Amino acid sequence: MGADQPSDADDLFPDYLVECDEHLTGARNLLLRLEADPPAARREQLDELFRHFHTPKGLSGIAGVGAAERLAHQLEEYLGAVRKGRAGLTADGVGALVDGAAALEAVIAARRDGRPPPETGPLLARVEALTARGAPA
């Protein structure tokens, strides 16, 4: 079975869609609140945002939606670096997370509709650069 092929978990796919939608809606709502002053984000907000990407990552792995799993993992990596003080939450970072949530929705919708996932390589590289930029030399 390929990373983006149907799996035995297909009977749970409707639940996967609902759960991912809930988490991505929560992420977008929180990101809207953080847009005005990203560096002022509180630890609880960062933890909540992390969970909003962590859960779809795991669910995507179970559902066999590899492109969503990879993207959510990269977003989670950036947030992990922010939470550990190795990177800052910047306006660019919030923008990348907003774009990441939209891309996750598009990848999941493509899987739902039986289409190939959209290209996420540039976004993955963008988020990876944000994570690396904050890393100590």
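## Exercises on charged side chains

In this predicted model, a network of salt bridges links Arg43, Asp47 and Arg83.

**Exercise 1.** Work out which helices hold the members of the network around Asp47, and how far apart in sequence the partners are.

*Solution.* Begin with the pair Asp47 and Arg43, whose closest N and O atoms are 2.8 Å apart; both residues lie in helix H2 (residues 43-63), four residues apart, which is about one turn of the helix. Next take Arg83, whose side chain meets that of Asp47 in a salt bridge at 2.9 Å, N to O. This second pair links distant parts of the chain, with Arg83 in helix H3 (residues 66-83) and Asp47 in helix H2, 36 residues apart.

**Exercise 2.** Decide whether Asp47, Arg43 and Arg83 are buried or partly exposed, taking under 20% relative accessible area as buried.

*Solution.* Asp47 has a relative accessibility of 19%, so Asp47 counts as buried. Arg43, by contrast, is partly exposed at 42%, and Arg83 is likewise partly exposed at 24%.

**Exercise 3.** Find what the salt bridge between Arg28 and Glu105 ties together.

*Solution.* The closest N and O atoms of Arg28 and Glu105 are 2.3 Å apart. Because Arg28 lies in helix H1 and Glu105 in helix H4 (residues 91-113), the pair ties together parts that are 77 residues apart in sequence. Arg28 is partly exposed, with a relative accessible area of 27%, and Glu105 also counts as partly exposed, at 29%.

Terms used: Residues numbered from 1 in each chain as written. Predicted model: local features only at pLDDT ≥ 70, side-chain atom pairs only at ≥ 80, totals over all residues. Heavy atoms only, no water. Salt bridge = Lys/Arg side-chain N within 4 Å of Asp/Glu carboxyl O. Helix = DSSP H or I, 4+ residues; strand = E, 2+ residues; numbered from the N terminus. Buried < 20%, exposed > 50% of the residue type's maximum accessible area, 1.4 Å probe, protein only.
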